[in-house]
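Me: Could you take a close look at one spot for me and then follow the packing and the rings outward from there? Here is what I have open.

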Amino acid sequence: MIKLIRGGCYYMGGTLVKENQAFLTSAQKEEARKGTMSWRILKMHNKGDDENLKIKFDAIASHDITYVGIIQTAKASGLKEFPLSYTLTNCHNSLCAVGGTINEDDHVFGLSAAKKYGANFVPPHLAVIHQYMREMEAKVGRMILGSDSHTRYGALGTMAVGEGGPELVKQILNKTYDIRRPETVAVYLRGNLKKGVGPQDVAIALCGAVFKNGFVKNKILEFVGPGIRNLSMDYRNGIDVMTTETACLSSIWETDEKTREYYKIHGREQDYKEMKPSDPAYYDYGITINLSTIEPMIALPFHPSNAYTIREVLEHPMEILSEVEAAGRKIKGSDNFCLTDKIKDGKVYVNQGIIAGCAGGMYENIAEAYEILKGKSTGVDEFSLSIYPSSQPVYKALVENGYIGGLMDSGAIIKTAFCGPCFGAGDVPANNGLSIRHTTRNFESREGSKPAGGQLAAVALMDARSIAATAANGGVLTPATEAEYTKKVKKYFFDGEIYKNRVYMGAGKAHKEEDLKYGPNIADWPEMIPLGKNVLIKAVSVINDPVTTTDELIPSGETSSYRSNPLKLAEFALSRKDPGYVGRAKEVKADEEVRRETGELPEKLKNAVKELDVKEGTIYGSCVVAVKPGDGSAREQAASCQRVLGGIANIAKEYATKRYRSNLINWGMLPFTAEKLHFKVGDYIYIEDIDRYVADGAEKIPAKHLSGKTVKDIELSLGSLTPDEKSIILKGCLINFNAGR
């Protein structure tokens, strides 16, 4: 089904050839290395050298969980107007339900900022961020940076990257995205998908093959091969957006006449051009996918890479669901979590189905779901099916072609464009419920669950076709390959008048005389102090899970009302994983405030660390220790909330994503790694001359670790830091860095 090539390979003559079988010289290899689509696009946008990239993007995009913080940060750093195309969408806080009018205040602020600084503003319910960017902003050869991890438009020939908000701030302030040249991975597609197999099935199979082994982490996936021509653009986009869940940096696809047709339908044929790798093109690694062998898949809780065929689950339901159930019961507060109770008479019953967002809400997914459900009923029992088209143009085409009415007849509930089902702000499953979703993620405690409060639901990812087949079968888990239906759907058309008559198109049209409109819950960032000469760090949370997601660092869903208020939002930090964290962090922050006022550590703290002989010029802060933090969302708040609470570092074996590590750096926090994490809550780490180590880019940093009354010498590492990153940490955060310049 999927094979990994763990070494160099060439794309030549339309096939993928291992390096040791290509018989090319080293000179030919170096030339072929420059033959990838990735190399050409990066070269065109690079202001640095060939290995140390300094990228200027063509456009940026944010949604209403992130854009207020980005604009506030840029404003504090000297923003006058947006120098590149910036699109503000409103697809996360769309409901304006939790917290009353607070969310709508953010939207009013966003529109005022679009007018003042020059940006596009997409009102709530009109489109989810990535569908709008596909329809209106993607261009072949373009690069787009988004403050959402699923910023992926590779199937349209656009290299897109999802990062934390501070990286967008850098672009707004005419700075660059600095990164070592990423390795590239050829994803060679061949064959044709069977009827009943959709894009999410391919995506889940790919995640299952490469996430846990880190095969594509921080690399660029380049999709090539004859199988591409057998995929529609909706299928390509659906696979592409899920590459985020592999932990890759970005993606890019060969373009063809189907790509041209997509641009033509959207009134932008001029933005198309053919793009293919050179022959030969060299890749650091390879993946081959035979589309003909892909089966309907299911990603069981609690990660998109927890991949099985639906056939496997139905053949061994007790064995497989028991394993997931056991994993769920290890989550704090989830002792009663149960999945095996969904097995009845050898069948697996689910409670809810959702087709939504940038992955599931596309035209063909919903149209084929209708074909499967046509003439059938979702039933009058517990099972429910909700469908969210990804944009109003998609919604209108589905209405005009008769699909929406037919789905309503079957019992499906049709809703507007909204990202909520991906993060717990809509259709939250019942406690101990099992929801199947064509959305992007199924992390633990993501879709509204609160394990610390004794509530945990299970979310499994599936393709819209198998979700529809399950709905047609009364909630009994069913692969779409068993459904009798016609795969042929009516032609899609795009009505651009919908956006023309509602979207504020202000990019490049700054009206500096306009005032920003602040609601009572929009607050400025508190002061962040510089690093100092020495640092004393207290471990206030130690997480031993193999991976810690950004949702566990700062929950999604119920916190949405406070996204624009750093101090209020920080109260939720680690609330689902370590409820005592905020209190412990605040104690450290209070002691540091005493030190700043008096010039000395409080007496009680002095006594606690007397074995360390702490010198003058030492700042005091807290840290989180975790094995592999930062998987998932690009939300900068996962780092900024720690910083607001006095956090000064993370210590990890490794960081799950580049974007989380970048968020730590941009908020002035030290992204330490250590080979062994022998730390307990309450331990202290003391480092002298930390400012010099950071400035010099030291590979190893000596530190003293105090646990109880025992002091041990340890070594920490900061990894590779760019000159700007060093300065940002020394200054205390990106805001200070920019203000100083």
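Which residues does T550 touch, not counting residues up to four places away in sequence?

Reply: Happy to walk through it, with one reminder up front: this is a predicted model. Leaving out residues up to four places away in sequence, T550 touches G630, D631, G632, S633, R635, A638 and Y660. T550 itself belongs to helix 20, which spans residues 550–553. Its relative accessible area is 1%, and because buried means under 20%, T550 counts as buried.

Two of those partners lead straight to a helix pair. A638 and Y660 are among the residues that T550 touches, and they turn up again where helix 24 meets helix 25: the contact is made by A638, A639 and Q642 on the helix 24 side and by Y660, N663 and L664 on the helix 25 side. Helix 24 covers residues 637–644 and helix 25 covers residues 658–666; their axes are 8 Å apart, at an angle of about 30 degrees. Angles under 35 degrees count as roughly parallel, so helix 24 is roughly parallel to helix 25. The crossing of the two is right-handed.

Another helix pair is worth setting beside this one. Helix 4 (residues 67–76) and helix 7 (residues 165–172) have axes that come within 9 Å and cross at roughly 45 degrees. That angle makes helix 4 oblique to helix 7. Here, too, the crossing is right-handed. On helix 4 the contact is made by I70, T73 and A74, and on helix 7 by G165, L168, V169 and I172.

Now for the rings. A pair of aromatic rings is described by the distance of the centres and the angle of the planes. The model has 18 aromatic pairs. In one of them, F109 and Y518, the ring centres are 5.3 Å apart and the planes stand at 55 degrees, so the pair is tilted. This pair links distant parts of the chain, 409 residues apart: F109 is in helix 5 (residues 102–117), while Y518 is in the loop between strand 25 (504–505) and strand 26 (534–543). F109 is buried, with a relative accessible area of 0%, whereas Y518 is partly exposed at 39% relative accessibility. Y262 and Y263 form an edge-to-face pair, with 6.2 Å from centre to centre and 85 degrees between the planes. Both of these tyrosines are buried.

Ring pairs also build a cluster out of Y363, Y370, Y403 and Y492. Y492 sits in the loop between helix 18 (464–472) and helix 19 (497–500), and at 15% relative accessibility Y492 counts as buried. Y492 and Y363 are 129 residues apart in sequence, yet their C-alpha atoms are 7.4 Å apart in space. With neighbours within four places in sequence left aside, Y492 is in contact with E135, I265, H266, Y363, P393, V394 and A397.

Finally, there are charges over rings to look at. K344 lies over the face of Y349, 5.6 Å from the ring centre. Similarly, R692 has its charged end over the ring of Y693, at 4.9 Å from the centre.

To come back to your spot: T550 is buried and touches A638 and Y660, among others, and those two residues help make the contact between helix 24 and helix 25.

Key. Residues numbered from 1 in each chain as written. Predicted model: local features only at pLDDT ≥ 70, side-chain atom pairs only at ≥ 80, totals over all residues. Heavy atoms only, no water. Phe/Tyr/Trp six-rings, centres within 6.5 Å; stacked < 30°, edge-to-face > 60°. Helix = DSSP H or I, 4+ residues; strand = E, 2+ residues; numbered from the N terminus. Buried < 20%, exposed > 50% of the residue type's maximum accessible area, 1.4 Å probe, protein only. Lys NZ or Arg CZ within 6 Å of the ring centre and 35° of its normal. Axes fitted to C-alpha atoms, helices over the stretch in contact; angles between N-to-C directions. Parallel < 35°, antiparallel > 145°, perpendicular 65-115°, else oblique. Left-handed = near helix turned anticlockwise from the far one by under 90°. Contact = heavy atoms within 4.5 Å.
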